[in-house]
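Student: Please take one part of this structure and go through it closely. I would like a single connected account rather than a list.

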2 protein chains.
Amino acid sequence: MFQLSKKVEYGLIALRHIAAGSRGQIFTAKEIADKYQIPFELLAKVMQKLCKKGFVVSYQGVHGGYILVRDAHEVKVSAIINAIEEKPSVSIIQCESEKPESCIIHTTCTIKDPLVKLQSSINKVFEELSIMEMV
Amino acid sequence: MFQLSKKVEYGLIALRHIAAGSRGQIFTAKEIADKYQIPFELLAKVMQKLCKKGFVVSYQGVHGGYILVRDAHEVKVSAIINAIEEKPSVSIIQCESEKPESCIIHTTCTIKDPLVKLQSSINKVFEELSIMEMV
DNA sequence: ATAAATCGGACTGTAGCGGTCGGGTTTCTA
DNA sequence: TAGAAACCCGACCGCTACAGTCCGATTTAT
């Protein structure tokens, strides 16, 4: 439990790799997949998401690939997780991540408030780390 | 992703409930399950684990149940998670949680070190919250 | 024309999780 | 002494999410 998904891991590896290159340098999903022994098609999916969310810009065609858009300092791990993960919320309790009425015990829930605070502490941790600090 | 499991949630609720009672007061799994509308049999499993790990002491027989052993201040959320969760590790990356050789990319892994640091920050958050602060 | 690359939907297999069931043991009490 | 109430514990099931794969379409450089 409490593991980053493979998709997020691959996304972090790829973004870090791109950020470590020279400014504006283009990278293909294939070369990254080969270098880190990541399943190519899975990484491709991840890159597409990162593209849609504006982390990278994609170029199709023979010499296509991806280049980093934002300044690496600005790319926080939290944003990457939110971009890749289906469910945008990273709430540690279901009560918060889904509609509250789906929580059967919401009326009597005694642990919610403390855990929400704990949640924000965790969020901060993810918001403080940028891929620049991984290069 | 990144949610506490139901088992952990139930364990927190139960321990908080017991901690909120008077010192040495005994509680049955059934009454806690009823009060918070938790599946009884699942909670029972959780309580058994908490018993084995020394958070509570169990008494069998008609007027049996569980009483809290440790001082509520000393019962940290991190310890509860570790007690209930099968895999003791709460590592956000697989490289660390399992045997490192199972990580195919461990030789070339570039994100491991930063994430390990991030991990320890998260661990701290869980270690700082005790059930006493939930009562 | 072909090859190399992104795009994107559909599919599969597996593992874990939430939950349930059944049978056993202990202990109080009527 | 019988029965009820509680803990104990292993086995089982159904579902979902995730990792990974496959296929076809589009774009573009050579």
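Tutor: What follows looks at helix 1 of chain A, then at its counterpart in chain B and at the DNA strand beside the protein.

The model is predicted. In chain A there are six helices and two strands, and from the N terminus they run α-α-α-β-β-α-α-α. Of the 135 residues of chain A, 44% are buried. Among the contacts in chain A between residues at least 6 apart in sequence, 62% join residues at least 24 apart.

Helix 1 of chain A has 15 residues, and its first and last C-alpha atoms are 21 Å apart, close to the 21 Å expected at 1.5 Å a residue. The helix is mostly covered, with 12 of its 15 residues buried. The buried set includes nonpolar side chains such as Val8(A), Leu12(A) and Ile13(A), but Glu9(A), Arg16(A) and His17(A) are buried as well. An α-helix has 3.6 residues a turn, so residues three or four places apart point the same way.

Two residues of this helix, Gly11(A) and Leu15(A), are in contact with Leu50(A). Beyond its neighbours within four places in sequence, Leu50(A) also touches Phe55(A), Val56(A), Ile80(A), Ala83(A) and Ile84(A). The largest nonpolar core has 86 residues, and Leu50(A) and Leu50(B) are those with the most contacts inside it.

Helix 1 of chain A also takes part in the surface near DNA strand D, to which it supplies at least two residues. A backbone N or O atom of Lys6(A) lies 2.5 Å from a phosphate oxygen of that strand. Tyr10(A) places a polar side-chain atom 3.0 Å from a phosphate oxygen of DNA strand D, and Tyr10(A) is among the buried residues of the helix; burial here is computed with the protein chains only.

The rest of that surface comes from both chains: helix 3 of chain A, and helix 3, strand 1 and strand 2 of chain B, each supply at least two residues. From chain B, a polar side-chain atom of Tyr66(B) lies 3.0 Å from a phosphate oxygen of DNA strand D. Of the 25 residues around the strand, Lys6(A), Glu41(A), Gln60(A), Ala29(B) and Ser58(B) come nearest. The surface divides into eight nonpolar, 10 polar and seven charged residues. On the DNA side, 68% of the strand D atoms within 4 Å of the protein belong to sugar or phosphate, the rest to bases.

Helix 1 of chain B, residues 6-20, likewise has 12 of its 15 residues buried, among them Tyr10(B) and Leu15(B). Its 15 residues should span 21 Å at 1.5 Å a residue, and its end C-alpha atoms are 21 Å apart, which agrees.

Definitions and conventions
Residues are numbered from 1 along each chain as its sequence is written. Chains are lettered from A and ligands numbered from 1 in the order in which they are written. This is a predicted model: local features need pLDDT of at least 70, side-chain atom pairs count only at pLDDT 80 or more; totals for chains, interfaces and linings use all residues. Side-chain values use heavy atoms; hydrogens and water are left out. Helices (H or I, at least four residues) and strands (E, at least two) are DSSP runs, numbered from the N terminus. The expected span of a helix is 1.5 Å times one less than its number of residues. Buried means under 20% relative accessible area, exposed over 50%, partly exposed in between (1.4 Å probe, protein chains only). A residue is near a molecule or strand if one of its heavy atoms lies within 4 Å of it. A polar contact is a pair of N or O atoms within 3.5 Å; within protein, one must be able to donate a hydrogen and the other to accept it, and residues adjacent in sequence count only if both atoms are side-chain atoms. A nonpolar core is a set of buried Ala, Val, Leu, Ile, Met, Phe, Trp, Tyr and Cys residues joined through side-chain atoms within 4.5 Å. Contact means heavy atoms within 4.5 Å.
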